[in-house]
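Colleague: Before we look at anything, could you show me how to read a model of this kind, one feature at a time?

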Amino acid sequence: MHPALQALFVIVIGVGGCVFYFYASNIFLDKVLYPARGPNAGRNTNRANMIRPWLFLFPALALLCLYLAYPVFATAWLSVFNRDGAFVGLGNYSAMFAEPKFVESLQNNILWLIVVPAAATAFGLLAAQLTDRIKWGNFAKSLIFMPMAISFVGASVIFKLIYDSRDANLSQIGLINAVWLKFDGGVGSFLMLRLVPFVLIGCLFLAILWAGWSVLRPLVQGQGGSILVTLARLLGAAVALFLGYELAIWLYGIATNELPYGTPQVWLQKPYWNNFFLMAVLVWIQTGFAMVILSAALRGVPEDTIEAATIDGANPFQIFFKIKVPQIMGTIVVVWTTITITVLKVFDIVLAMTNGQWETQVLANYMYDKLFRSLDWGMGSASAMIIMLLVTPILIWNVINARKEMR
Amino acid sequence: MDGIAGKKSGLVWAVHLSTIALVLLWVVPTFGLLVSSFRTGDQIVGSGWWQSLSTQVQQLAAVRIEGDEVERDGVFVIEGQLYAAGTDVSAWGTSSREPEAYEPGAVADLGDGVTLTVGADGGFVLSSPSTMADLRMPRVFATASTPPEFTTGNYSNVIASPLAGQSIGQAFLNTMTVAIPATIIPILVAAFAAYALAWMDFPGRALLVAFVVGLLVVPLQLALIPLLQFHNWIGIGKGYLGIWMAHTGFGLPLAIYLLRNYMVGLPRDIIENAKVDGATDFQIFTKIILPLSFPALASFAIFQFLWTWNDLLVALVFLGTGNDQQVLTGNIVNLMGSRGGDWEILSASAFVSIAVPLAVFFSMQRFLVRGLLAGSVK
Amino acid sequence: MKTKLLVSAAALALGAGGAMAQDLKYPVGEGAFNWASYTAFDEANNLEGQSLTIFGPWRGEDQVLVESMLAYYTAATGVTVSYSSSEGYEQQLIIDAEAGSPPDVAVLPQPGLIADLAKRGFITPLSAETATWLTDNYGAGASWAALGTYPGADGTPALYAFPYKADVKSLVWYSPDNFADAGYAVPTTMEELMALTDQIVADGGTPWCIGLGSGGATGWPATDWVEDMMLRTQPPEVYDAWVSNSLPFNSPEVVGAIEAFGTFAKTDAYVAGGAAAVASTDFRDSPKGLFSSPPQCYMHRQASFIPSFFPEGTELGTDADFFYFPAYAEKDLGSPVLGAGTLAFIMKDSPAAQAFIEFLKTPIAHEVWMAQTGFVTPHKGVSVDLYGSAALKKQGEILANATTFRFDGSDLMPGAVGAGSFWTGMVDFVGGKSAQEVADAIQASWPK
């Protein structure tokens, strides 16, 4: 039998089997095990309703446990053995934290975790809001979505071409360097490379400080919440403070740095900045994802709330930030979470473009290196555990959110 | 009224302009690759893709003179054309050290009475008093302006390459075989679970949500060896069944997470009314939730399809690399040869593999909108 | 039950697809090939109906070449061979071995990795006769046999892998026309090479093109340089001690070799684009500088595979040629050659797998590939006239004339170093760090 036929077969069997399972097990529960009639009708209905969620959940949970939870436990187990199979306790972890490359990847990952989800979600929200209102919106959406259809390796190729650098006396084939060489330090350079970035980043700086303050304000004003909420607020404020600090350094740099006009730059080999060039690739890809999900959510915002606000004289910006954004907050959390997790797992981009050299190492690539280059399952597993630990704040945030929704 | 209308149209313009700016920013990288995919490898590394439409003045690669010798009045002559039509030579030379030594039409003395002339159109005349059969032919270096040139050769290389006996059509089919079941099955399984997590009351629900979110982050690389071991142990080994199961398992957390989030947002009164009317959970799910969740199902279907389509790692590990199993990504990677690729193959193959996911997105977009309209009617 | 049905259906579909007959590239009995060895092998082996899966590093055009060789094995034995490869084949092989579904025969270019697999008991040892055969029939046979010998799971050393196909790395590529235009002669000693380098700079040119870029593997071309310099400044025993880390990476001998590489790569006037461009230039783009006009550089040190990245239409012998990367005349170290190669080993034992190793011993398994392109062999029984080009023949001669042959050291070192810190260390070195600093860091990363 041809595999394609087999695939058809599997679709039919898989889909049919699933439907049959759900249908038959429900019938069995309602008609045979706990029939809602006879002397115990009431008790039976209650019992059936206690069991039913598990019927719905069973296939998914079984697959999840087998394909994901089991490897996690296996990993945790492996992470306390060294490469010769001897038990070392937390030795792998302490060895890892002593490695400068690991500390570097941890630092970089924190930067990635803040910048990429924020930028991709913000651009996605912007794109969703803009394209919702115009006739050619669907076309625009398709174009912004296009990078999603390109594999990470393909995307790395595209951006390698963009960041390419060659000798000053050859013609540049990298777009960024070609544009860069157009600047000569004159008025145009001052406008485009100093004034405009300074204003833009200055605005971002103020916005982040404001956001940090509005997260922190309820605490300062003494409005208590649960411990989780307080923790989340503190974390948010800390992130805002950190970003504010980074941006302040940027602002200072933009205002004062001497720029090497006229010489092509090897962008991927400029420590610290090269991280942002790599992040740009992922933001470019993930914005399409954020846009699709957020635009569905935006369209779900009830028209009457918007009309009411319009009648009250709210301007479009107020409608967007005060009416729409709060209503789709749940979806924003989902998009943010998903992109955060993608960030934690992405290694292809870094592997293909710099392989973590020039201070661009990230945890996922570090892990890949330990697993398949060094064949050191202990260290590799330990770094995987760290990756999974990093997701804890996101986990807490989601539990808070889920509780809120269920009330 | 006028003032408000004026402000409105100003805003509309702003929306259009910022959308255009955003779209341009997002399209330029891909567009660059698209243009590059129609250029030859030497052109791609020779000049930026944005210059490909303009006539360029550049130093051409050295060409060694060849041709048949003709004897004319005791002088041996080789005549011919060095470059493609449209090339306009502005200077030329016969040594790599002085590539611009002569004007077009000037006569270069190569010693022993041998002379060479290259015209502006690239025509050359090499003449010698004695036969040149044993002469080492000179090379010509020229600075010339060349008209833009495009080729579809990269695509025919990628599509028709007979390397390793596997055609790209076969690889396409294999990828389809992997991707379609691996898209449909997780959606179905996840939809039921998502409904239970969103609308059914049972102890430990929030914990289960956290469990699913926690599993989202499990790095795939860790799961490969234990799972392949498991597949070997239950006897399915490497094959389509294994990869379908693997993709289903890996795709489930996100499917459950996205669908649950969407279902939680569905209007509560519809579901409660149905319950009052005596509908069972199973009926509510199939008759109300599923149709209303269509946009969410469609968008997850798109993402899952894209991932399985672009995946290489899972396919290599769970499916193998034989001709009737190799997927498109694997086929393209193999095309690049043992030592990594050239721009032209990379760019053409990127567009060959992007075609199907884009078609899927365009066709699914209709459903995204339709489902949403259905959802907004309450 | 359903599962089983599907599985057997899949197996059937597989079997049907695998059995593809391939025509033999050279008809049996014609030409200077050693057909006697083929007929003898044909008569000794009849394994009709069996199958063999081979997993190797060759993809793209190389895959076509290896399959042309495998066709003779199939024709002689009747075994159905399915060869496959993939990007990241090392990782895939590790995963398959750990999970229990390895190929029957695997071919890898990294002896270090094979040693690791042997230690974990994934490889079937080869017979002692095969080891003797290698010593007797390969040029510098003992060193080739040693290359495939590792301690197994129980700690006893045995021959596990059979070397097949070699690459010569100590080559310097140049354009004979450019040399003729400028009046340069091919140097025969390292001193002459250094003088030529300075001469080119004095004439206003740039002598070298060096590019270390290779995506995730950026840095590896520099490891070849350092190994070549190591062989040219130290006796082979020191090289061996270095590779096994009994001589620490940060000892003065090694630091000296790194610095010797640095004289070429870190002198702005010596390299195209200046020292800063070395790490960022892709190794595939780097040789193109030889052929631009005016030439960006005059010489490029790289292994025998590099002509695949020359501009289209470049003819070996006329437009491009190579010479042996020479040794110092003042140091009495003979003419050492750095090389690499691939080794075949059995992961699932079967008569077909054993017969495959036997097949690799026949001259015909070498001659079919060497008559085409990209193949050099240390097999002494092959007829050297069959080499597909003068360039290959010349490489074969370099290999044969070597007083010392050493395998690429980075492939012998543990993966964490040979495919990790050695690469990144070299990038740091050309990026400005000192040789001592870099060597210290690499030594620290050596797995204890």
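Modeller: What follows goes from confidence to chain architecture, then to domains, contacts between chains and nonpolar cores.

Colleague: How should confidence be read in chain A, and where is it lowest and where highest?

Modeller: Since this is a predicted model, the general idea is to look at the average and then at the extremes. Chain A has an average pLDDT of 85, with 98% of its residues scoring at least 70. Within chain A, helix H17 (residues 392-406) has the lowest confidence, with a mean of 75, whereas helix H4 (residues 100-132) has the highest, at 91.

Colleague: Turning to architecture, how many helices and strands are there in chain A, and how many in chain B?

Modeller: Counting elements and then looking at extents is a plain way to begin. Chain A contains 17 helices and zero strands, and its C-alpha trace spans about 90 × 70 × 60 Å along the principal axes. Of the 407 residues in chain A, 41% are buried, and among its contacts with a separation of 6 or more, 71% are between residues 24 or more positions apart. Chain B, by its secondary structure, has 13 helices and nine strands, and the C-alpha trace of chain B spans about 110 × 75 × 30 Å along its principal axes.

Colleague: What radius of gyration does chain B have, and what would a compact globule of 378 residues have?

Modeller: Such a comparison sets a chain against a reference. Chain B has a radius of gyration of 32 Å, while a compact globule of 378 residues would have one near 21 Å. Buried residues account for 46% of chain B, and 75% of its contacts between residues at least 6 apart in sequence join residues at least 24 apart. The domain assignment can be read alongside these values: chain B is given domain 1 (2-53), domain 2 (56-146) and domain 3 (157-376), and the C-alpha centres of domain 1 and domain 2 of chain B are separated by 44 Å.

Colleague: How is chain C divided into domains, and which helix gives the most to the side of domain 1 that touches domain 2?

Modeller: Here the segments should be read before the contacts. In chain C, domain 1 comprises 26-168 + 339-407 and domain 2 comprises 171-338 + 411-445, with C-alpha centres 29 Å apart. Contacts between these domains of chain C involve 24 residues of domain 1 and 21 residues of domain 2. On the domain 1 side, the elements that each supply at least two residues include helix H5 (111-119), strand E10 (336-346) and helix H16 (390-401) of chain C. H16(C) gives the most, with six residues, and by class this side has 13 nonpolar, nine polar and two charged residues.

Colleague: How many residues of chain A and chain B are in contact?

Modeller: An interface can be read by its count, its main contributor and its composition. Contacts join 89 residues of chain A to 87 residues of chain B, and helix H2 (residues 41-78) of chain A gives the most to the chain A side, with 18 residues. That side divides into 65 nonpolar, 17 polar and seven charged residues.

Colleague: Finally, which residues have the most contacts inside the largest nonpolar core?

Modeller: In soluble globular proteins, nonpolar side chains tend to be buried together. In this model the largest nonpolar core has 325 residues, and those with the most contacts inside it include B:Ala190, B:Ile256, C:Ile114 and C:Phe345. Helix H4 (residues 168-199) of chain B gives the most to this core, with 19 residues. Beyond its neighbours within four places in sequence, B:Ile256 is in contact with residues including A:Ala60, B:Ala190 and B:Val212. A second, separate core has 14 residues, among them B:Leu60 and B:Val140.

Methods: Residues numbered from 1 in each chain as written. Chains lettered and ligands numbered in written order. Predicted model: local features only at pLDDT ≥ 70, side-chain atom pairs only at ≥ 80, totals over all residues. pLDDT = per-residue confidence, 0-100. Helix = DSSP H or I, 4+ residues; strand = E, 2+ residues; numbered from the N terminus. Domains from an automatic or database assignment. Contact = placed C-beta atoms within 7 Å. Nonpolar A, V, L, I, M, F, W, Y, C, P; charged D, E, K, R; others polar. Rg over C-alpha atoms; globule rule 2.2 N^0.38 Å. Buried ≥ 20, exposed ≤ 12 C-beta atoms within 10 Å, placed from the backbone. Core = buried A, V, L, I, M, F, W, Y, C linked by C-beta atoms within 7 Å.
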